[in-house]
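Q: Please take a close look at one part of this structure, a single residue and its surroundings, and then work outward from there. How does that part sit in the whole?

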Amino acid sequence: MPDYAAAPIQPIVSGFVTFPGGVATQPFFQGKGVSSIVRGPSLQGLYILTLDVGLPGNAGAVPFGPSPPLAPDPDVRTMVLPLAIGEPPLSTITSIGVSYIPSALSGVGAPQIEIAMTEPVFILADPPGGFQIIVWRGFGGGVID
Amino acid sequence: MTDYAAAPSEPIVQGLITIMTPQTGLPFPSFSGCGVSSIIRTPPGLPLFGNLAGDYLLTLDEGLPGDVAIDPIFGRSFLTIRGSLSNPIHLSTPIDQKSISYVASPSPGVFVAGPLPGIGSNVVRVVLAVSATGLATDPDGTDGSGCEIVIWRGNAGPDSYSTNLTGPLFAPTLIG
C-alpha cells in the first residue's frame, strides 16, 4: 500500500478528562501522556496538564523556538472535544483555547498544556460530560506565507 | 504486535496558521508546517466571497497526496484555536465557529467552490468566526494566538473502496 503520509504527526497524549465529583470539583485524567492535571486560576474551565516525564512528553517534545513565552509553537497540534450529557445531549461549551506553558528552564520546552473552555457568554465553564484530548507532535515543514 | 488500525487515515496536512503583522502594510496569514504550499486570504468575488479577516485559502502541496487528490468525502480534519495572551479571560478565545470547506483551483489564482471533476479539491478554505459579532475573525490579539490544523485522508487503505469519488487518483475502478 502506498504511504501517502505527507505530514507526519505523532500522538504524545491521548486521554479523557472527567469530573467525578461534578463540575467545579477536581478534574481527573484517564489516558496516556499526562502525569497530572490541576485547575488554573478559575473555579471552572481552566486546566493545566503536565506532560509525562521522558520522551516524547517532556523536555523537548514540545519545544519552543526563539520566541517569547507562550508564543505559537509550530510543532504541536491539540484536539479537545467536550462530551455531551443530557437529552438532547449538549456540552454547553462553545469556545476552546489551547496554550503551551514553557518551562522556566532553558532548553526544556513546554512541559504543560493549558486549556480554557468558555460558555456562549464567554464565562469559563467545565463541560459536565468531560472532554477528550489528543496531542500530536508535528514534524518538519516550514513557514509558508 | 497486534495491529489495531482498523480505520487507517493518513495525515496530509499539519500546521499552524498565524497572522503576521508587517511594519508596513496589512496583517497577512502565515502557515507553519507540512502539506500546504501557499496561504492567502480568500479574495472577494464570485463564487467566493472573502472576508477581511478569518477567511483563508490553503493550497495543498503538489504531488501525492495533496494536489488534485483529496476528495471531500475522505477529508478528516480539526481546527484548534490557540488561546489569547491578551484576552481578559485567561488564555481563552471568543472564536466559536470554525469551518473547513473544500475548494478547487483549476488554474493559478482562480478559485471555485467545491471540487471539480478530474481535479478534486486542491484547496482548503478555513473560516473562523465569532458568533457574538457574526464576523469572521483572525485568531490574533485578543481573539487567539493562531489556529492549529490537521487534515487526514481517510479511507487510506484499499478496503471500503467507494465509487463516489472525484479526483483522478481516486477514479472508480471497475471490477469485472
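A: A strand here is a DSSP run of E covering at least two residues, and strands are numbered from the N terminus. In this predicted model, Val103(B) lies in strand S6 of chain B, which spans residues 97-107.

Start with the surroundings of that residue. Is Val103(B) buried or exposed? Val103(B) counts as buried because 22 other C-beta atoms lie within 10 Å, and the cut-off for buried is 20 or more. Leaving out residues up to four places away in sequence, Val103(B) touches Leu57(B), Phe111(B), Val112(B), Ala113(B), Ser121(B), Val123(B), Val124(B) and Arg125(B). For a distance across the chain, take Asp61(B): 42 residues separate Asp61(B) from Val103(B) along the chain, and their C-alpha atoms are 14 Å apart.

Two of the residues touched by Val103(B), namely Val123(B) and Val124(B), lead to the nonpolar core. In soluble globular proteins, nonpolar side chains tend to be buried together. The largest nonpolar core in this model holds 63 residues. The residues with the most contacts inside that core are Ile115(A), Val13(B), Leu58(B), Val123(B) and Val124(B), so the list names residues of chain A as well as chain B. On the chain A side, Ile115(A) is in contact with Tyr47(A), Val80(A), Ile96(A) and Val98(A), its neighbours within four places in sequence left aside.

Now step back to chain B. Chain B has ten strands and zero helices, and its elements follow the pattern β-β-β-β-β-β-β-β-β-β. Chain B has 176 residues, of which 48% count as buried. Among contacts in chain B with a separation of 6 or more, 60% are between residues 24 or more positions apart.

Chain A can be described in the terms used for chain B. The count for chain A is nine strands and zero helices. Of the 145 residues in chain A, 40% are buried. For contacts in chain A between residues at least 6 apart in sequence, 58% join residues at least 24 apart.

Strands from the two chains come together in a sheet. Nine strands form this open sheet, with mixed pairing, in the order S3(A)-S4(A)-S7(A)-S6(A)-S5(B)-S10(B)-S1(B)-S2(B)-S9(A). Strand S3 (34-39) and strand S9 (142-144) of chain A are at the edges; each has a single partner strand, so one side of each has no neighbour in the sheet. From one strand to the next, the twist averages 30 degrees. Strands of a sheet pair through backbone hydrogen bonds, in a parallel or an antiparallel sense.

Individual pairs can be followed along that order. At one edge, S3(A) pairs with strand S4 of chain A (residues 46-51) in the antiparallel sense, over five bridges. Within this pair, Ser36(A) has Thr50(A) in S4(A) as its bridge partner. Six residues lie between these two strands in their hairpin, where Gly45(A) takes a positive phi near 80 degrees. Further along, strand S1 (residues 10-20) and strand S10 (residues 147-153) of chain B run antiparallel and are joined by seven bridges. Opposite Val13(B) stands Ile151(B) in S10(B); Val13(B) was named above for its contacts in the core. At the other edge, S9(A) and S2(B) run antiparallel and are joined by three bridges. There, Ile144(A) stands opposite Phe31(B) of S2(B).

The contact between the chains can also be counted by residue. Chain B brings 48 residues into contact with 37 residues of chain A. On the chain B side, the elements giving two or more residues are S1, strand S2 (28-34), strand S3 (36-41), strand S5 (75-82) and S10. S1(B) supplies the largest share, nine residues. By type, the residues on this side of chain B comprise 22 nonpolar, 20 polar and six charged.

Last comes the confidence of the prediction. The predictor gives the complex an ipTM of 0.86 and a pTM of 0.86. Chain B has an average pLDDT of 83, and 80% of its residues score at least 70. For chain A the mean pLDDT is 82, with 80% of residues at 70 or more. In chain A, residues 65-70 have a pLDDT below 50, and this stretch has six contacts in the model beyond near neighbours in sequence. Where pLDDT is low, the predicted coordinates should not be read in detail.

Technical notes: Residues numbered from 1 in each chain as written. Chains lettered and ligands numbered in written order. Pairing = 2+ DSSP bridges. Helix = DSSP H or I, 4+ residues; strand = E, 2+ residues; numbered from the N terminus. Axes fitted to C-alpha atoms, helices over the stretch in contact; angles between N-to-C directions. Contact = placed C-beta atoms within 7 Å. Nonpolar A, V, L, I, M, F, W, Y, C, P; charged D, E, K, R; others polar. Buried ≥ 20, exposed ≤ 12 C-beta atoms within 10 Å, placed from the backbone. pLDDT = per-residue confidence, 0-100. Core = buried A, V, L, I, M, F, W, Y, C linked by C-beta atoms within 7 Å.
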